[in-house]
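Here is a friendly walk through the side-chain contacts of one protein model. Please keep the sequence and the 3D view open while you read.

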Amino acid sequence: MANPFSTWPLLALLLALPTLLPLGAALSAFTRLDAQLWSHLADYVLPYVMPNTLWLLLCVSLGVSLIGTALALLVGLFDFPGRRFFSWALLLPLAMPAYVLATVFVGSLDYAGPVATWLRQRGIELPELRNLAGTSVVMTAVLYPYVYLVVRSSLAVQGARLLEAARSLGCTPGQAVRRVALPLAAPAAAAGTLLAAMETLADFGTVAAFNYDTFTSAIYKAWFSLFSIDAALQLAGVLLILVLGLLLLQACAFKARRVAVVADAAATPVRLRGAAAWIACASCTLVLMFCFVAPTVQLVIWSLANLSDMDVRLATAALRSLQLGSIAAVVVTTAAVMLAYAARRAPGPLVRSATRVATLGYALPGALLAVGLYAPLAAMMASLNARWDTHFLLQGGLTLMLLAYAVRFAAVAHAPVSTGLARVRGSLDEAARQVGLTGWTLLRRVHLPQLLPSLAVAAALVFVDVMKEMPITLMTRPFGWDTLALRVFESTSEGQWQRAALPSLAILLAGLIPVIWLMRQADRPRLSSTASHGPAA
């Protein structure tokens, strides 16, 4: 067993420390409750924010589970016109942040929007959109691919052969799906639904566009409207309890999913004929058009109509986004390499636990991380030297923002890096040690050259996520550091929906990078199965 006081376990613990800071700050807020402040929150904030958040979680979870599972079963088990195209095209909505779709949705269908105006001229009144229903529809449209991807991958591993076996026992296709495919896909659907639920809890831009208050918007208002860091921390503590509950459910779902997976060769999907085939094709087309194609076309139209908005301020926001994305990609990928290498050099329960904690940040909402990191760091600086201007150092500090990015996106970089490092054979390490290469020299001269593809993937994923990130950037940015995401937020806050099109389109184009990577990863189980077992007869 590795010495717990050696370099590598200590390095892993050090990398896990930034994640523990916001967790501790949010939970410790309950130990110093101010009666007057808590009375205000209990009377005027929680009665609205709590049911709003829970209802949104419920509606989005139901929506993504139904749509994602249905599309995955359709594409994974049946053959119909356009199936190969839809198998990857249905992932495209992942490239569009929910707040970008909200911009198109509200800007087009709100009372003064072009679509609502055109319909009203013909005697058709659209219902109110800025409510639970509208917010749920938009978030379901961009989050259903979480369920679709996980369930489709599960079906690729299990194979359509299970459906064939059920049909050979006398089941109709519908009965086979209901009795065999759905029960086997249920754990994967639950896991994907919980991922979408975590994204729902973390969302800020969408609920702000719809004026639908949840915990993330309440934290922002408590900090920047009430100017109360304690109120923000206490709201963050309640939000953290919800997140921890979802993490517990996710652990149970993944455990059930591992039990349910049955490795088998892929089989030929059931061919749909006649009306059933065209209904399947039309269903996939409708989802893709509503969730990706139509919003993208609308963004292009608005962008072309507002080319005059390409001024110095927009160029500066784009440059800041590129700078932040590049710096964060280097910082987070470097931390991921050190964390993965520590796990390789000193495998043991201590390093494994530190790795789990360090990669927990992706489940934590950005608003929680922003306030949870600011409060303890400000207190720490004040205690070190009362003469320091801590407000200046933190409120206008790039370090705080990068630290929050590192906590939020450590898991994003760690996944491809740890996978790439696992492919490096241990015999190569032994051979390198025999010629005198150890420690950091071994990492630099042997492992890093073989990790270059994984490092490129990790850096690209972090870069894109930072480009899209809104609450952390909004709440921790240095003065004057506007980004493309913040330009979208400012424009939509002022009701200038069309002026938000140019930065939204740029973010959408950047978001295609991880989706393309996901498409390639999603096809690997099917290709591996075909290579191992040969094509189905």
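Arginine 120 places its charged end over the ring of tyrosine 111, 3.8 Å from the ring centre. A second case is arginine 320, which lies over the face of tryptophan 481 at 4.1 Å from the ring centre. A charge counts as sitting over a ring if NZ of Lys or CZ of Arg is within 6 Å of the ring centre and within 35 degrees of the ring normal.

A word on the ground rules: this is a predicted model, in which local features need pLDDT of at least 70 and side-chain atom pairs count only at pLDDT 80 or more, while totals for chains, interfaces and linings use all residues. Residues are numbered from 1 along each chain as its sequence is written, and side-chain values use heavy atoms, with hydrogens and water left out.

Next, the salt bridges. Side chains of opposite charge can pair when their charged atoms come close. A salt bridge here is a side-chain nitrogen of Lys or Arg within 4 Å of a carboxyl oxygen of Asp or Glu. The whole structure holds six salt bridges, including the three in this table.

| Acidic partner | Basic partner | N to O distance |
|---|---|---|
| Aspartate 213 | Lysine 221 | 2.8 Å |
| Glutamate 490 | Arginine 313 | 2.6 Å |
| Aspartate 482 | Arginine 477 | 2.4 Å |

Glutamate 490 belongs to helix H21 (residues 484-493) and arginine 313 to helix H13 (residues 312-345), so their pairing ties together parts that are 177 residues apart in sequence. Helices are DSSP runs of H or I with at least four residues, numbered from the N terminus.

How covered are these charged residues? Buried means under 20% relative accessible area, exposed over 50%, and partly exposed in between, using a 1.4 Å probe and protein chains only. Aspartate 482 is buried because its relative accessible area is 14%, whereas arginine 477 counts as partly exposed at 25%. Salt bridges that share partners join Arg313, Arg477, Asp482 and Glu490 into one network. Arginine 313 is partly exposed at 43%. In the remaining pair of the table, aspartate 213 has 30% relative accessibility and counts as partly exposed, and lysine 221, at 39%, counts as partly exposed too.

Now to the aromatic residues. How many aromatic pairs does a search of the whole structure find? The search finds 14. One of them joins phenylalanine 204 and phenylalanine 489, a tilted pair with 5.7 Å centre to centre and 35° between the planes. Rings of Phe, Tyr and Trp (its six-membered ring) pair if their centres lie within 6.5 Å; planes under 30 degrees apart count as stacked, over 60 as edge-to-face and the rest as tilted. Phenylalanine 204 sits in the loop between helix H8 (173-202) and helix H9 (205-209), and phenylalanine 489 in helix H21, so this pair links distant parts of the chain, 285 residues apart. Both phenylalanine 204 and phenylalanine 489 are buried. Tryptophan 223 and phenylalanine 224 have ring centres 4.9 Å apart and planes at 35°, so that pair is tilted. Tryptophan 223 is buried at 8%, while phenylalanine 224 is partly exposed at 26%. Phe204, Tyr220, Trp223, Phe224, Tyr374 and Phe489 form one aromatic cluster.

Finally, take a look at helix H12, which spans residues 275-305 and holds threonine 296. Threonine 296 counts as buried because its relative accessibility is 17%. Valine 300 is also found in helix H12, and is partly exposed at 34%.

How values were computed: Helix = DSSP H or I, 4+ residues; strand = E, 2+ residues; numbered from the N terminus.
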